[in-house]
Amino acid sequence: CDRVPMSLTATTSSDEEDDSDSSTKPIRSEKKKNPASLFQTGGDPPKEKKSKKKVPPKGAESEEETPETVQKNSNKKGKAKKSKKKEERPPSPVIEVENLEEFVLQPAPQGVTVKCRVTRDKKGMDRGLYPTYYLHLDNDKKVFLLAGRKRKKSKTSNYLISIDPTDLSRGGENFIGKLRSNLMGTRFTVFDNGANPDRANADWSNVRQELSAVVYETNVLGFKGPRKMTVIIPGMNADCERVPIRPRNDNDGLLMRWQNRNMDNVIELHNKAPVWNDETQSYVLNFHGRVTHASVKNFQIVHSSDPDYIVMQFGRVADDAFTMDYNYPLCAVQAFAIALSSFDGKLACE
């Protein structure tokens, strides 16, 4: 259960699509905690668990892999070229994906940061409205993991997530999960591919699980300030496996449990608050070279008890490319769906 700290670059929240360079501020973490204990909601302490066979333990990234550079935020004045001296993003550890469906629903192995890349494809008739998003491992092989796209005939934002980049149909066998928002577009729920509660079998085992929920709040600075996110996920049991949350109705889901402070087997996470930097006149977070463009969409998700352990981070590296890195206890479907929710920004949370 060794912790591998994640790298953190900068977010500027003054403008949704501000692509100026981002300042970087090195952060050093001295603490060596066992992160598994932050997410455990069952009785016993986590057992010694051998890491999942699919990921060689050698895969963990080392802390000194990225030279720490300090970049000035050029605030759109054309110094952008400077950082284009190809600051190499540290790649993902070697990860073998034998069974894709199993892999994308499994929590990341403890001690390994799974580094991914999200690309947004706006080609086609519906261009801006219904782009397709693709998730690959961010390494030489660029292994495909997931694809997602917003459904067209839905009253609320509804994204289908598939393990086949060419099949984004709800009825197909490649459907692996979905992200659904409320009418305001400020609250999202992530489901796996189980059945609707109306079609439950006798022991309820086929019913869909809720994998996470995301709540966006406006902040005191209104549209100009950084977003505030709360992420709610199921807790982990003593064997470091996700506790199944299978709501029988809308009042039993993650969002309602969180709202009613019924936090049994539920974990609450938040995005790390960026810090205002007078020199660059922007809000700054440190991503250690994994993010190179300022954007209101850049974020890091942490547990309040250990803000140095980055559960997930997401940020822009090009107009339609983003890095998405996640750690235990998240799985790829959870992290990808949380990232998709950030693309769906309604005015209420811009």
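Asp 320 counts as partly exposed, with a relative accessibility of 28%. In this predicted model, the side chain of Asp 320 meets that of Lys 122 in a salt bridge, with 3.9 Å from N to O. The points below cover this pair, other charged pairs, one arginine that has no salt bridge, and the chain as a whole.

**Lys 122 and Asp 320**

- Lys 122 lies in the loop between strand S1 (114-121) and strand S2 (132-137).
- Asp 320 lies in the loop between strand S13 (306-318) and strand S14 (321-326).
- The two residues are 198 residues apart, and the pair links distant parts of the chain.
- Like its partner, Lys 122 counts as partly exposed; its relative accessibility is 31%.

**Other salt bridges**

- A search of the whole structure finds six salt bridges.
- One of them joins the side chains of Arg 261 and Glu 268, at 3.0 Å from N to O.
- Glu 268 has a relative accessibility of 21%, so this residue counts as partly exposed, because buried means under 20%.
- Arg 290 forms a salt bridge with Asp 325, and their closest N and O atoms are 2.7 Å apart.
- Arg 290 sits in the loop between strand S11 (282-284) and strand S12 (299-303), while Asp 325 belongs to strand S14, so the salt bridge ties together parts that are 35 residues apart in sequence.
- Both Arg 290 and Asp 325 are buried.
- Salt bridges with shared partners also join Arg 120, Lys 122 and Asp 320 into one network.

**Arg 242, buried without a salt bridge**

- Arg 242 is found in the loop between strand S8 (228-234) and helix H4 (254-259).
- Arg 242 is buried but has no salt bridge.
- The nearest side chain of opposite charge is that of Asp 192, 6.8 Å away; a salt bridge needs the nitrogen and the carboxyl oxygen to be within 4 Å, so this pair does not qualify.
- A polar atom of the Arg 242 side chain lies 2.7 Å from the backbone oxygen of Leu 105.
- Beyond its neighbours within four places in sequence, Arg 242 is in contact with several residues, among them Gln 106, Pro 107, Leu 211, Met 236, Cys 331 and Gln 334.

**The chain as a whole**

- The protein chain has 350 residues, and 55% of them count as buried.
- Its secondary structure comprises five helices and 14 strands.
- The protein chain exposes about 16200 Å², of which carbon and sulfur atoms supply 50%.

Methods. Residues are numbered from 1 along each chain as its sequence is written. This is a predicted model: local features need pLDDT of at least 70, side-chain atom pairs count only at pLDDT 80 or more; totals for chains, interfaces and linings use all residues. Side-chain values use heavy atoms; hydrogens and water are left out. Helices (H or I, at least four residues) and strands (E, at least two) are DSSP runs, numbered from the N terminus. Buried means under 20% relative accessible area, exposed over 50%, partly exposed in between (1.4 Å probe, protein chains only). Lys and Arg count as positive and Asp and Glu as negative; His and the chain ends are not counted. A polar contact is a pair of N or O atoms within 3.5 Å; within protein, one must be able to donate a hydrogen and the other to accept it, and residues adjacent in sequence count only if both atoms are side-chain atoms. Contact means heavy atoms within 4.5 Å. Accessible areas come from the Shrake-Rupley method with a 1.4 Å probe; for residues, only the protein chains shown count as cover.
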